[in-house]
Amino acid sequence: MQDQLIGLRSSNTFESARILYGKTVDRLSIWGQGRRTASRVGDRDRYWSSTRDVLDEAMRLGFVEPQPLPSARRYVDSHRSRMLTLTKLGHQAADEAETNVPAFYDRLASSLYTKHPYFCEFIDSLRIKPIHCPEVSEGDVEQAGRSRFRTQYWVEYAEPRLQLSATDSNSNALIYRALVSVIRKRFGNSRRRAPTNKQMAEALNDAYIEAALKTRNLSSGPTDLKNMKTWGSQLMLLDQSRYVPNYEGQNVIWLAIDSTEQVRALLKRKTLKEHEYSLADAVVTTYRDQASNTKTSRLQAPYLPIYQIRAQTAFDHSVTRALVDLVIERLANGSISISNVQVLLHLGTTRQPQSEPVYRRGGKRRYEITIQSTS
């Protein structure tokens, strides 16, 4: 949307927006921040639906004056020359997108919060406490199948992991209904062919998401949650991890905005400038806590996985893992100095979970960290 708003100030037709979208995809692909997929249509119609979706959202947010958009590919030709006009708010957003990107993202986040009821409801729920979604793997499903565990087993698996309060007396029934509903929709009542372990794990995890949302009185579903997590993560408003200590077998989602903000609809993200020194101390403290609990090494400064240090620090201090990565980098290169402490990053032998982003330093991967006392 950032490029589209800037582009609409000079080239303001649907066709120019479609061409610009393609150029943005190519650029992000070269930068390694996206991928260019093969198109099923010719170059003349490439990205028409994605362009429509971006413009539709820009209209919803009040950045572009409402205009009809093509509902199907066969209508694209009649919309190519249709003029699109930025609103006053859209011009302000376009100026920020070009000259002050952080301010643009803050504006975009606040607009999403104001215009999308589900997203507003989701953020407000995270203001109260994180959301815990139990997760199972294909291996868990395979083991349960060998032991002939049934639905009640998966209910009992999820209940303690949903972090329910003592007042949630009907939680058992709620989880059971979610499991039965999702599995029946996914596979039908009479299954001629048994689902694979992967299919069953995906169904169970979607059912757990549905149960987690209902226990928080959220009206959205698993697909809505995935979309809202994507929005929130890209805008640095929230983060998630399956590797927060003490929350084994759960994907934990937490808010990462400044909670002191007085205007509720203005979502203010936490920045490196404001939090780098407090987070630097937190990284050292987290490392020492995890090192003291490590039984696999006798070293005073054991080699620990960066993703575990990062996940705990980010969760404990309600920031994003990306912000913790920046702090770890500054500790390692000496930009942040803590007396009597040396932070070293190593390639190591840690196996990186697919769900956790790989830490990169100067384009090179690093998997492990040591923090040594120099006194």
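**Entry 1. Cavity**

I searched the model, which is predicted, for enclosed space and counted one cavity of 30 Å³ or more. I recorded a volume of about 30 Å³ for this largest cavity. In general terms, rolling a probe the size of a water molecule over the atoms shows where empty space is left.

I then listed the lining of the largest cavity: Ile-306, Tyr-307, Arg-310, Gln-352, Pro-357, Tyr-359, Arg-366 and Tyr-367. Which helix gives the largest share of this lining? I found that helix H14 (residues 306-316) does, with three residues. Sorted by class, the lining holds five nonpolar residues, one polar residue and two charged residues.

**Entry 2. Helix H13**

I next examined helix H13, which runs over residues 272-292. Its 21 residues should span 30 Å at 1.5 Å a residue, and I noted 28 Å between the end C-alpha atoms, so the two values agree. I also noted a kink of about 35° in H13, with its centre on Ser-278.

I looked up which residues of H13 are buried. The list reads His-275, Glu-276, Leu-279, Ala-280, Ala-282, Val-283, Val-284, Thr-286, Tyr-287, Gln-290 and Ala-291. For reading such a list I kept in mind that an α-helix has 3.6 residues a turn, so residues three or four places apart point the same way.

What do the buried residues of H13 pack against? I recorded two helices by name, H14 and H15 (321-333), together with strands S4 (304-305), S5 (341-346) and S8 (368-373).

**Entry 3. Helix H15**

I turned to H15 as a packing partner of H13. H15 has 13 residues, and I noted 18 Å from its first C-alpha to its last, close to the 18 Å expected at 1.5 Å a residue. I listed its buried residues as Arg-321, Leu-323, Val-324, Asp-325, Val-327, Ile-328, Leu-331 and Ala-332.

The buried residues of H15 pack against H13 and H14, and also against strands S2 (238-241), S5, S6 (359-361) and S8. Just after H15, I found Gly-334 with a positive phi of about 85°.

**Entry 4. Helix H11**

I checked helix H11 (residues 197-215) in the same manner. H11 has 19 residues and reaches 27 Å between its first and last C-alpha atoms, close to the 27 Å expected at 1.5 Å a residue. I noted that H11 is mostly covered, with 14 of its 19 residues buried. Asn-217 follows H11, and I recorded its phi as positive, near 60°.

**Entry 5. Ala-158**

Is Ala-158 buried or exposed? I placed this residue in helix H9 (residues 151-158). Its relative accessibility is 0%, which is under the 20% cut-off, and Ala-158 therefore counts as buried.

Leaving aside residues up to four places away in sequence, I found that Ala-158 touches Pro-134, Ile-175 and Tyr-208. I also looked up its separation from Thr-24: the two lie 134 residues apart in sequence and 42 Å apart in space, C-alpha to C-alpha.

**Entry 6. The whole protein**

I closed with totals. The protein has 15 helices and eight strands. Its C-alpha trace spans about 70 × 65 × 45 Å along the principal axes. Of the 375 residues in the protein, 45% are buried. For contacts between residues at least 6 apart in sequence, I noted that 67% join residues at least 24 apart.

Note on methods: Residues are numbered from 1 along each chain as its sequence is written. This is a predicted model: local features need pLDDT of at least 70, side-chain atom pairs count only at pLDDT 80 or more; totals for chains, interfaces and linings use all residues. Side-chain values use heavy atoms; hydrogens and water are left out. On a 1 Å grid over the protein atoms alone, a cavity is a set of points where a 1.4 Å probe fits but cannot get out, and a pocket is an open set with protein on both sides within 12 Å along at least five of seven lines; lining residues have an atom within 4 Å of a point. Grid points are joined across faces, edges and corners, and a volume is the space filled by probe spheres set on the points. Helices (H or I, at least four residues) and strands (E, at least two) are DSSP runs, numbered from the N terminus. Ala, Val, Leu, Ile, Met, Phe, Trp, Tyr, Cys and Pro count as nonpolar, Asp, Glu, Lys and Arg as charged, and the others, Gly among them, as polar. The expected span of a helix is 1.5 Å times one less than its number of residues. The bend at a residue is the angle between axes fitted to the seven residues ending there and the seven starting there. Buried means under 20% relative accessible area, exposed over 50%, partly exposed in between (1.4 Å probe, protein chains only). Contact means heavy atoms within 4.5 Å.
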